[in-house]
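Welcome to a small set of exercises with worked solutions. Please keep the sequence and the 3D view open side by side as you go.

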Amino acid sequence: DFHGEENQQWEVAPIFTRYGDQSYMTLRADHSGKVLAIPTRSYEEHVRVLQQGDGSEPAQQWILEYGGDNAFYVRNRWSTQCLEPTDDGL
């Protein structure tokens with residue numbers, strides 16, 4: 001449930017690069033100042049994401065893809081996998 005606390009708030013900011021696709025963004029946690037990232041540039045499925053870095057690496061960059069019915073997929077640039085909720089509450 002959302003309680004409005006800093007650890008539940010994220011800044012979504014576009015990545016500006018000189019060349020290439022400009023549609024990627026970072027997801028920065030308000031409470032830590034770190035971005036959401038795939039650990040150690042993993043391609044493994046169902047890997048836990050971390051808060052680390054400044055968004056300069058592809059494993060720390062994300063794109064929102066419209067999934068229909070006002071829903072979006074959040075896809076990682078490095079692994080091309082989407083975020084998914086866990087059943088363990090973490």
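The exercises below go from the whole chain to single residues.

This is a predicted model, in which local features need pLDDT of at least 70 and side-chain atom pairs count only at pLDDT 80 or more, while totals for chains, interfaces and linings use all residues. Residues are numbered from 1 along each chain as its sequence is written, and side-chain values use heavy atoms, with hydrogens and water left out.

**Exercise 1. The overall build**

Task: find how many helices and strands the protein has, and work out how its radius of gyration relates to the globule rule.

Solution, step by step:

- Start with the elements, which are DSSP runs numbered from the N terminus: helices are H or I with at least four residues, strands are E with at least two. The protein has zero helices and six strands.
- Reading from the N terminus, the order is β-β-β-β-β-β. The radius of gyration is 13 Å, close to the 12 Å that the globule rule gives for 90 residues, so the protein is as compact as a globular protein of that length. Here the radius is taken over C-alpha atoms, and the rule is 2.2 Å times the number of residues to the power 0.38.
- Now the outline: along the principal axes, the C-alpha atoms fill a box of roughly 40 × 30 × 25 Å.

**Exercise 2. Surface, interior and charge**

Task: state what share of the residues is buried, what supplies the exposed area, and how far apart the mean positions of the charges are.

Solution, step by step:

- Sort residues by relative accessible area: buried is under 20%, exposed over 50%, and partly exposed in between (1.4 Å probe, protein chains only). Buried residues make up 24% of the 90.
- About 6,500 Å² of the protein is exposed, and carbon and sulfur atoms supply 50% of that. These areas come from the Shrake-Rupley method with a 1.4 Å probe.
- For charge, Lys and Arg count as positive and Asp and Glu as negative, with His and the chain ends not counted. Each charge is placed at NZ of Lys, CZ of Arg, CG of Asp or CD of Glu. The 7 positive and 15 negative charges have mean positions 11 Å apart.

**Exercise 3. R75 and Q61**

Task: locate R75 and Q61, then name the side chain with which each makes a polar contact.

Solution, step by step:

- R75 sits in strand β6, residues 71–76, and is partly exposed at 26% relative accessible area.
- A contact means heavy atoms within 4.5 Å. Beyond its neighbours within four places in sequence, R75 has contacts that include Q61, W62 and E65.
- A polar contact is a pair of N or O atoms within 3.5 Å; within protein, one must be able to donate a hydrogen and the other to accept it, and residues adjacent in sequence count only if both atoms are side-chain atoms. The R75 side chain makes one with the side chain of E65, at 3.0 Å.
- Turn to Q61, in the loop between β4 (50–51) and β5 (62–68). Q61 is buried, at 5% relative accessibility.
- The side chains of Q61 and R77 are joined by a polar contact of 2.8 Å. Among the residues that Q61 touches outside its sequence neighbourhood of four places are I15, Y24 and M25.

**Exercise 4. The loop between β3 and β4**

Task: for R41, S42 and H46, decide whether each is buried, partly exposed or exposed, and look for unusual details.

Solution, step by step:

- R41 lies in the loop between β3 (36–37) and β4. R41 is partly exposed at 41%, and its phi is positive, about 50°, although R41 is not a glycine.
- S42, in that loop, is buried at 11% relative accessibility. Its side chain reaches the backbone nitrogen of E44 at 2.9 Å. Not counting residues up to four places away in sequence, S42 touches V47, W78 and S79.
- H46, also between β3 and β4, is exposed at 60%. Phi of H46 is positive too, near 60°.
- Follow the H46 side chain to that of E84: a polar contact of 2.8 Å joins them. H46 and P85 are 39 residues apart in sequence, yet their C-alpha atoms are 9.9 Å apart.
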